[in-house]
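Biologist: Please take a close look at one part of this model for me. Pick one buried charged residue, and walk outward from there.

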Amino acid sequence: MHPLCCISLENFSGGIGDQSPEEASSLSRSRSLPVSFPAFSNANTQQISRSVDRVAGVLYKWTNYGKGWRSRWFLLRDGVLSYSKISLLSQPNDDVQLIGKISTNRLSRRKRQKSGGIVHLKVSSFRESKSDDRRFYIFTATKTLHLRTESKKDRKLEKRLLEEGISDAVVKDCEQIILSEFSEMQGQLKVLLEQRSCLIDTLREFEAANIEIEANGIHNGEYQLMKHDFSTECSGKYSECATTESSDDVEKQDLDDGSDVDESFFYDTKESFTEVTLGCGSVKGASDSSDTLKVRDSRQDNAEKMHDEQIENFVHSNVQRRKKLPDPVEKEKRVSLWSMIKDNVGKDLARVCLPVYFNEPISSLQKCCEDMEYSHLLDQAYEHGIQGNNLLRVLKVSAFAVSGYASSEGRHCKPFNPLLGETYEADFPEKGIRFFSEKVSHHPTVIACHCVGRGWKFWGESNLRSKFWGRSIQLDPVGVLNLEFDDGERFQWSKVTTNIYNLILGKVYCDHHGTMHIRGNREYSCTLKFKEPSILDRNPHQVHGFVEDGNGRKVATLFGKWDEGMYYVEGESNGNPNRSSSSDGSMLWKSEKPPPNLTRYNLTSFAITLNELTADLKERLPPTDSRLRPDQRHLENGEYEKANAEKQRLERRQRISRKLQDNGWKPRWFHREGEDADEPYKYMGGYWEARKERKWDGCLDVFGELNENLVDESGS
């Protein structure tokens with residue numbers, strides 16, 4: 001039932017606007033009462049009109065996905081519904097009826113503010129939500145208001161009217177009036193659909209005539225004149241159709257309305273004809289009125305379903321992820337790093353078994369996912385490229401390549417080395433990404449990853465070669481990272497060298513140095529220089545570089561710090577890039593602040609969420625996921641004795657993995673692009689489909705016991 005039907009029809013006469021008498025008469029006839037209700041303008045109607053000359057109250061209005069539902073003050077007067085952020089009433093009056101729970105604070109505010117928007121109910125339609133008892137929609141020619149009441153009973157006007165002392169007979173009369181108005185609107189809809197169908201037939205005839213014209217070789221000037229005459233002839237018909245769009249289209253246009261101020265909407269002719277074609281295609285041959293109405297109802301149901309799904313996605317995207325790690329169960333015992341690695345100088349530390357004290361509670365698979373923390377930069381890069389700004393696209397890609405190092409600041413612990421066949425997934429609908437990685441080789445250690453985002457996909461493989469040089473550890477990355485946008489533009493780059501200093505004495509810290517070449521397959525490429533630290537350097541972590549076009553001309557200069565942010569200026573900078581400040585250029589990216597509950601691991605807010613395991617997620621994961629690794633889970637919970645025992649067990653199992661790989665073991669989700677051992681790994685697909693069906697055929701229990709006899713049998 002319409003939530004505003006307690007206002008009599010006489011009150012709508014003043015809300016039509018500056019219309020001609022013919023228009024007003026037409027509207028009056030279209031909203032006239034049915035023959036079965038000739039006596040509705042009796043004392044009861046006058047009683048309603050007098051008692052609710054103006055109705056005011058608070059409703060929740062959908063604004064956009066950033067702000068969600070916002071409370072607004074609504075005022076109904078003379079058939080015009082207006083809304084604003086605060087009350088426009090200086091104080092309650094006798095002729096104003098307040099609907100719903102309204103705080104006195106809202107009524108007492110006297111700040112002057114213009115109305116956020118108005119809706120003429122005389123030329124609007126109404127629809128209740130079938131999925132939510134508190135929601136309803138008001139459709140106009142240019143927009144749709146998505147409204148929600150505080151509770152279910154506020155929308156159930158029948159009960160509300162009875163509570164206000166209005167008789168049951170009057171309530172039923174109101175219901176019949178609304179039903180009759182909807183019936184008349186359905187009749188008008190039938191006429192509009194017939195007009196659209198006629199227009200489509202005419203367009204098809206014109207298209208056939210156009211083909212015949214081209215075949216007969218008619219002069220271009222004559223053809224243009226004929227086309228102009230046709231568009232003029234049909235403009236009247238089409239303008240009638242254009243003012244009444246389907247609720248599906250109206251909802252999609254209004255979903256992200258960030259402003260409460262009404263604006264005029266203008267639709268391009270091409271877009272409008274496309275909408276007409278779709279609308280008439282769905283009702284082709286529906287000359288019968290019942291078929292037409294069924295199609296119309298189906299389209300409205302689909303529109304409401306689509307909006308409900310988008311609202312659900314919005315709610316899901318705001319799911320609360322954990323803000324800190326669990327409190328440790330045991331007190332941690334310090335271990336001397338020098339006592340563990342003094343006998344391994346010059347060796348590959350990947351083969352050195354260290355106690356869990358030197359680990360952080362994430363694996364190298366999850367460490368790869370940390371590069372996606374600022375994936376919104378790639379979303380922005382995609383949008384810039386679509387809009388034709390390819391320079392800003394490569395600048396955003398460059399900022400993304402640098403942002404992957406921001407999480408390394410203050411990180412002194414080593415991630416867990418994954419087992420052969422271990423995997424990790426990360427589904428972040430709020431970021432619009434799905435990330436997946438797998439350890440595809442044990443010797444050498446190779447991790448392959450694949451990520452899909454909004455308009456782009458990212459993949460690559462990583463292999464760290466580590467060396468210990470007494471007071472520092474050097475990590476040299478091996479592998480190429482690939483980025484491809486949906487429009488076909490691709491970029492490739494490799495990471496730079498990382499060093500961890502002061503392992504014996506002093507404060508442990510890390511730094512990155514080297515040159516990063518970001519190569520594009522189209523117009524632009526970028527070169528970034530990570531400055532190597534020095535003893536006297538008072539401005540560490542510097543990164544600077546430039547963007548070149550296909551002719552080798554420098555078109556932009558970049559500068560910043562890998563742990564703070566990146567900036568750029570167009571053209572080649574003449575000054576010293578090491579002394580550039582943020583005020584000298586435009587910001588490309590800025591790092592997030594550290595979380596308030598820091599531990600000795602110094603994980604970022606994003607990294608804290610990577611190993612989170614809920615009961616629902618546990619049921620969906622394959623047995624190979626890093627979240628199920630027992631030593632890593634015990635370390636996160638602060639159960640250090642159990643963590644060390646499990647790590648030793650898995651280290652013994654890991655030694656068997658070398659034999660498993662030599663016997664012909666192959667990754668489950670990735671494969672080499674060629675027969676050559678140097679060919680990169682690429683994602684085969686199928687993981688997310690298997691996850692949906694929870695079918696993990698061919699996935700080993702990598703964290704369980706592995707019998708050497710089974711390894712021999714697998715290779716035979």
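Modeller: Arginine 393 counts as buried, because its relative accessibility is 0%. The cut-offs are these: buried means under 20% relative accessible area, exposed means over 50%, and partly exposed lies in between, with a 1.4 Å probe and protein chains only. This is a predicted model, where local features need pLDDT of at least 70 and side-chain atom pairs count only at pLDDT 80 or more, while totals for chains, interfaces and linings use all residues. Residues are numbered from 1 along each chain as its sequence is written, and side-chain values use heavy atoms, with hydrogens and water left out.

Where does arginine 393 sit? Its place is in helix α14. Helices (H or I, at least four residues) and strands (E, at least two) are DSSP runs, numbered from the N terminus. Helix α14 covers residues 390–403, and its end C-alpha atoms are 20 Å apart. That agrees with the 20 Å expected for 14 residues at 1.5 Å a residue. The rule for the expected span is 1.5 Å times one less than the number of residues. In α14, 13 of the 14 residues are buried, so the helix is largely enclosed by the rest of the structure.

Now the charge. Side chains of opposite charge can pair when their charged atoms come close. Arginine 393 forms a salt bridge with aspartate 487, and the closest N and O atoms are 2.9 Å apart. This pair links distant parts of the chain: arginine 393 lies in helix α14, aspartate 487 in the loop between β16 (481–485) and β17 (490–493), 94 residues apart. A salt bridge here is a side-chain nitrogen of Lys or Arg within 4 Å of a carboxyl oxygen of Asp or Glu. Aspartate 487 is partly exposed, at 27% relative accessible area.

Who else touches arginine 393? Contact means heavy atoms within 4.5 Å. Leaving aside neighbours within four places in sequence, its contacts include Tyr382, His384, Phe485, Glu489 and Phe491.

Next, the nonpolar side. A nonpolar core is a set of buried Ala, Val, Leu, Ile, Met, Phe, Trp, Tyr and Cys residues joined through side-chain atoms within 4.5 Å. The largest one has 54 residues, and Phe458, Trp493 and Val547 have the most contacts inside it. Helix α14 gives the largest share of this core, nine residues. Tryptophan 493 reaches that helix: beyond four places in sequence, its contacts include Val397, Phe400 and Ala401. Phe458 is also among them.

Compare lysine 431, in the loop between β11 (423–428) and β12 (433–441). Lysine 431 is buried yet has no salt bridge. Glutamate 373, the nearest side chain of opposite charge, is 7.0 Å away. For charge, Lys and Arg count as positive and Asp and Glu as negative; His and the chain ends are not counted.

Two other pairs are worth finding. Arginine 633 and glutamate 636 bridge at 2.8 Å between the closest N and O atoms. Both lie in helix α17 (residues 630–636), three residues apart, about one turn of the helix. Both are buried. Elsewhere, lysine 367 meets glutamate 360 in a salt bridge of 3.8 Å, N to O. Lysine 367 is partly exposed at 26%, while glutamate 360 is buried at 0%.

Last, the wider count. By this rule there are 24 salt bridges. The chain has 20 helices and 26 strands, and 46% of its 716 residues count as buried.
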